[in-house]
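Student: Could you pick out the pairing and charge contacts in this model and go through them closely with me? I'd like one connected account rather than a list.

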Amino acid sequence: MVETDGAAGGDLSFPVPVSRKGTILELLRLPDNVTRLLLEPMRSTGSFELQELSLTRVGGLERTARMWRRVAPLFFRYPRVRRHRAGFYFRTPLFNLQEAYRIAGRFRANAPELDYEQWIENFDTLTSRDRCLIRKQIGRWRNPPSFRVIVTVDSNDADGLRRTIDSVQRQFYRNVGVLLLVAPRAGFDHEVLPFDRGIEALIARSDAELVELANSGVQNGNSSAWVVCMHPGEVLAEHALYWFAYEAIDNEEAGFIYADHDHLRENGKRTAPVFKPDWSPELLRSTNYIGASAAVRADLLDRAGGLTAGALTDPDRHDLYLRVTERLAGNAIRHIPAVLWHLPGQLAGITATPVSTGGSPVAEHLQRLGIAATVERSAAGHFRVNYALPAEPPTVSIIVPTRDALPHLRACIESVLGMSSYARFELLVVDNQSCEPETLAYLEELAQKPRVRVLHYPHPFNYSAINNFAAEHATGDVLC
């Protein structure tokens with residue numbers, strides 16, 4: 001940050017990229033009335049070490065030469081597509097060397113901090129070429145999947161409903177039908193329901209009829225038909241169903257597909273992205289990390305018991321996702337690492353909420369699978385599964401690589417030996433060329449303890465190799 005005085009005084013900020021080597025080498029054009037410079041090394045939690053810092057005045061010719069020295073290598077180091085996506089074209093340095101220098105600094109930076117708007121601009125904005133390629137690929141597909149989008153209207157949010165319907169109708173992928181289900185408590189003016197082409201609207205007089213109408217529309221046994229559930233206000237990215245169709249075609253065994261999502265402020269601005277991991281059954285048992293952005297194959301949904309009132313009216317579909325995924329192998333559950341769903345702000349606080357009057361959806365899920373466990377629910381709405389140990393508990397081989405650093409080694413070992421409530425374990429301490437007398441004496445002491453073995457790895461440090469070496473000597477059923 002730069003502080004200036006005078007009539008045009010104030011603060012100016014200059015982003016300074018840091019290279020992968022941790023060095024800063026940057027040209028800054030400072031105003032004449034500078035009174036103070038402030039260096040802000042970090043804008044997030046972490047640590048840094050400042051070694052040498054100097055400022056040197058350069059003339060116009062040297063400044064231009066230094067800028068070209070940074071800009072020119074971009075033509076040789078990076079492919080044209082990547083350069084163009086960053087806004088760097090052949091003409092850029094010729095007509096705007098300052099802008100070319102700024103872009104080159106972003107390529108040089110180790111981890112430039114981007115706010116979400118910048119991330120969207122750089123990584124989540126379709127170009128005209130992207131749109132052309134998507135449409136061409138859709139045109140080449142034979143027997144593509146179909147999508148049935150079920151929108152449950154359970155409020156009088158006419159504007160939100162229109163935004164949802166518009167987003168479906170703007171999809172690149174057109175093999176889509178929309179079913180509007182009006183819940184009995186919606187309080188909706190039926191005359192304003194959109195009856196556009198491809199949209200069917202059904203009005204339910206009870207929750208039971210709502211469920212019956214929903215399932216009658218998807219119980220066709222078709223393995224190429226997919227069901228998507230939405231609420232008014234949810235918005236699909238224009239290429240969302242293309243991504244889902246692509247994943248279904250590319251992975252014939254797929255039965256459940258989910259994507260990343262973010263949220264919409266009242267002004268329509270995107271915020272609060274949720275970048276999800278790939279499929280994790282344990283994480284889904286603790287919380288519905290998938291959220292609203294998912295599609296289920298129709299025949300699988302039918303076999304899993306179909307849609308319930310909770311799945312249709314509650315933004316959290318934890319029970320539905322557990323019922324569906326428990327019938328699939330891991331490779332049939334696909335994650336699309338792209339932000340394809342935009343949720344209205346009021347859905348931002350979704351937590352795992354039981355949708356079954358019988359209790360926790362996680363407990364019911366484990367009971368269906370015959371897994372002995374108890375389930376606790378936290379105040380935040382998450383679930384903790386405590387699995388029952390088998391009649392013959394497994395032996396755990398705990399691998400501890402070390403080289404000197406005695407205080408850390410001692411704390412680790414003594415915490416296991418002195419605090420573990422699980423008795424069936426062995427400790428494998430792998431010494432990688434320790435040389436300090438205190439460490440060597442402690443290792444000799446450890447070797448005399450029951451359930452502890454000290455292994456020696458007299459080779460250059462290689463963390464993977466050390467652990468694999470210890471695994472070959474382990475006698476337990478589980479590695480830690």
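**Strand partners and charged contacts**

Tutor: Let's start with one residue pair: Val429 has Val454 as its bridge partner in strand 17. Keep in mind that this is a predicted model. Zooming out a little, strand 16, which covers residues 425-431, pairs with strand 17 in the parallel sense, and 5 bridges join the two. Both belong to an open sheet of 4 strands, ordered 17-16-15-18 and paired in parallel. At its edges sit strand 17 (452-456) and strand 18 (478-479), and each of these pairs on one side only.

Now for a contrast in direction. Strand 9 (residues 256-264) and strand 10 (residues 270-274) run antiparallel to each other, with 3 bridges between them. Across that pairing, His263 stands opposite Thr271 in strand 10. The two strands make a hairpin with 5 residues between them, and in it Gly268 has a positive phi near 85°. Either way, strands of a sheet pair through backbone hydrogen bonds, whether parallel or antiparallel.

Strand 10 is also a good way into the charged contacts. Side chains of opposite charge can pair when their charged atoms come close. This structure has 18 salt bridges, and one of them joins Asp124 to Arg270, with the closest N and O atoms 2.6 Å apart. Asp124 comes from the loop between helix 6 (116-123) and helix 7, while Arg270 is in strand 10, so this contact ties together parts 146 residues apart in sequence. What about cover? Asp124 has a relative accessible area of 16%, which makes it buried, and Arg270 is buried too, at 17% relative accessibility. The pair doesn't stand alone either: Asp124, Asp262 and Arg270 are linked in a network of salt bridges.

Another bridge across the sequence is the one between Arg148 and Glu200, whose side chains meet at 3.1 Å, N to O. Here the partners are both in strands: Arg148 in strand 4 (residues 146-153) and Glu200 in strand 6 (residues 199-203), so the pair ties together parts that are 52 residues apart in sequence. Arg148 is partly exposed, with 22% relative accessible area, and Glu200 is partly exposed as well, at 35%.

For something local, look at Glu99 and Arg102, whose side chains form a salt bridge of 2.6 Å, N to O. The two are 3 residues apart in helix 5 (residues 97-108), which means about one helical turn separates them. Glu99 is partly exposed at 27% relative accessible area, and Arg102 also counts as partly exposed, at 42%.

Finally, let's go out to the surface, where charges of one sign gather. Arg80, Arg129, Lys136 and Arg140 form a patch of positive charge there. Which helix gives the most to the positive patch? That's helix 7 (residues 128-140), with 3 residues. Arg140 is found in helix 7, and its relative accessible area of 56% makes it exposed. Helix 7 also takes us back to the salt bridge we looked at earlier, because the loop that holds Asp124 runs between helix 6 and helix 7.

Methods:
Residues numbered from 1 in each chain as written. Predicted model: local features only at pLDDT ≥ 70, side-chain atom pairs only at ≥ 80, totals over all residues. Heavy atoms only, no water. Patch = residues over 30% accessible without salt bridge, like charges linked within 9 Å, V, L, I, M, F, W, Y side chains within 5 Å. Areas by Shrake-Rupley, 256 points an atom, 1.4 Å probe, with all protein chains shown as cover. Salt bridge = Lys/Arg side-chain N within 4 Å of Asp/Glu carboxyl O. Lys, Arg positive; Asp, Glu negative; His and termini not counted. Charge placed at Lys NZ, Arg CZ, Asp CG, Glu CD. Buried < 20%, exposed > 50% of the residue type's maximum accessible area, 1.4 Å probe, protein only. Pairing = 2+ DSSP bridges.
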